[in-house]
Amino acid sequence: MKIGFIGLGNMGGPMARNLAQAGMSVTGYDTAASAPDGVSMAATAAEAAKGADVVITMLPNGAILRAVANEVIPVMSPGAILLDCSTVDVDSARAVADQAAASDIGALDAPVSGGIGGADAGTLTFMVGGSAEALAKGAPLLDIMGGRTVHCGPSGNGQAAKICNNMILGATMVVTCEAFALADKLGLDRQAMYDVASTSSGQSWSLTTYCPAPGVGPVSPADNDYRPGFASELMLKDLGLAQQAAESVDAPTPMGAEALRQYTAFTRDEDGEGRDFSAMLPRFAARSRSQS
Ligand code: NAD
């Protein structure tokens, strides 16, 4: 299969390399990043896309995705697939899919979870929006880059699933961190707090898989001085997308809005940028009630 891969950053680089290692012919393009192993580079996005069976994009945001789609869709062959793995707003995903359909090109929005480690190991989870027919064509590639694919419905639904999941994650991490900081001030040992909550109704992924308290629970970024992991600014991006989507359909999301407020302050006004999103725990531990 001939693949064009646009956006070869922290995530796209290892994903493209895994496709090349699996024997695919991969032509890449990036405005800054260099060629991953086995990938030949084109001079423009259009050149990377021309003649490709599948064009994969892994880009920072919806505006850049729309700009790249404007460039590549006119040169793609009818029947080819545009497979976007970036995390972008639902509206951009649907607009790009409509634009592709008008040129007889299939479109899939397939954002991922699993982070840089998952991209490197080829174990990402893909949440996919688009037709079953387009997914059947893209599935062999998703199987190389990832371990699990969930078809979430028509175009945009992959992005919808991603931002709903990450809104739960962000809000859950905030409350888990504030609960540990409260436990500290109440004189409750963090291990005891973990032993109770991890086996009781306060249990969550944020607590039992990614515990924000160093030395407690499984190894997590907290045990590595809160180096990411999943950086606070990436959580901030996803929480912003969730609020944007909620506004567009008039859905009430008070906890998501509060999580966004917390990560905005942490990332923009404090020392959160470049730190793992679980570093909310030392933040709360160092603050008083009037600073929340
Ligand atoms: P990144 O910034 O490392 O990579 C983005 C790449 O796109 C960069 O190399 C940049 O030069 C390139 N680029 C920007 N504009 C371009 C253009 N017009 N044409 C071609 N290339 C262009 O970001 P990343 O961490 O690889 O994330 C990519 C996407 O994956 C984002 O949407 C992000 O939200 C999502 N994501 C990231 C993670 C993570 O842990 N890093 C996890 C899940 C999802």
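Which residue has a side-chain N or O atom 2.6 Å from an oxygen atom of the ligand? That residue is Asp30. This is a predicted model, and its ligand sits in the largest pocket. Below is a quick tour of the ligand site, then the pockets, the cavity and a couple of backbone oddities.

**Around the ligand**

- The shell around the ligand counts 23 residues, and the closest are Asn10, Met11, Asp30, Leu59 and Lys237.
- Three of those closest residues have polar atoms to look at. Asn10 brings a backbone N or O atom to 2.9 Å from a ligand oxygen, Met11 does so with a backbone N or O atom at 2.8 Å, and Asp30 uses a side-chain N or O atom at 2.6 Å.
- On its own the ligand has 830 Å² of accessible area, and the protein covers 82% of that.
- Helix H3 (62–72), helix H5 (115–121) and helix H10 (232–248) are the elements that each give two or more residues to this shell.
- By class, the shell splits into 13 nonpolar, seven polar and three charged residues.

**The largest pocket**

- The pocket that holds the ligand has about 1,300 Å³ of space.
- Its lining runs to 45 residues, with Met11, Thr87, Gly115, Phe230 and Leu234 nearest the centre. Met11 is also listed among the closest residues to the ligand.
- Two or more lining residues come from each of H3, strand E7 (112–113), H5, helix H7 (157–185), helix H9 (205–208) and H10.
- Which element gives the largest share of this lining? H7 does, with six residues.
- The lining of the largest pocket is made up of 23 nonpolar, 17 polar and five charged residues.

**The second largest pocket**

- Here the space comes to about 480 Å³.
- There are 18 lining residues, and Glu178, Leu182, Phe284, Arg289 and Ser292 are the closest to the centre of the second largest pocket.
- H7 turns up again: together with helix H11 (254–269), H7 is an element that supplies at least two residues of this lining.
- H7 also has the largest share of the second largest pocket's lining, at eight residues. So if you're following one helix through the model, H7 heads the lining of the largest pocket and that of the second largest pocket, by the DSSP-based element assignment.
- Sorted by class, the second largest pocket is lined by ten nonpolar, three polar and five charged residues.

**The enclosed space**

- How many cavities of 30 Å³ or more does the structure hold? It holds one, with about 70 Å³ of space inside.
- The residues around this cavity are Leu65, Leu82, Asp84, Ala93, Val96, Ala97, Ala107, Leu108, Asp109 and Ser155.
- Strand E5 (81–84), helix H4 (90–102) and strand E6 (106–109) each give two or more residues to the cavity lining.
- In terms of class, the cavity lining has seven nonpolar residues, one polar and two charged.

**Backbone oddities**

- Most residues other than glycine have a negative phi, and most peptide bonds are trans. Two spots in this model are worth a look against that background.
- The peptide bond from Pro228 to Gly229 is cis, with omega near 15 degrees. Gly229 belongs to the loop between H9 and H10, and both of those helices give two or more residues to the lining of the largest pocket.
- Asp104 isn't a glycine, yet its phi is positive at about 60 degrees. You'll find Asp104 in the loop between H4 and E6, and those two elements each give two or more residues to the lining of the largest cavity.

Terms used:
Residues are numbered from 1 along each chain as its sequence is written. This is a predicted model: local features need pLDDT of at least 70, side-chain atom pairs count only at pLDDT 80 or more; totals for chains, interfaces and linings use all residues. Side-chain values use heavy atoms; hydrogens and water are left out. A residue is near a molecule or strand if one of its heavy atoms lies within 4 Å of it. A polar contact is a pair of N or O atoms within 3.5 Å; within protein, one must be able to donate a hydrogen and the other to accept it, and residues adjacent in sequence count only if both atoms are side-chain atoms. Accessible areas come from the Shrake-Rupley method with a 1.4 Å probe; for residues, only the protein chains shown count as cover. On a 1 Å grid over the protein atoms alone, a cavity is a set of points where a 1.4 Å probe fits but cannot get out, and a pocket is an open set with protein on both sides within 12 Å along at least five of seven lines; lining residues have an atom within 4 Å of a point. A molecule sits in a cavity or pocket if more than half of its atoms lie within 2 Å of its grid points. Helices (H or I, at least four residues) and strands (E, at least two) are DSSP runs, numbered from the N terminus. Ala, Val, Leu, Ile, Met, Phe, Trp, Tyr, Cys and Pro count as nonpolar, Asp, Glu, Lys and Arg as charged, and the others, Gly among them, as polar. Grid points are joined across faces, edges and corners, and a volume is the space filled by probe spheres set on the points.
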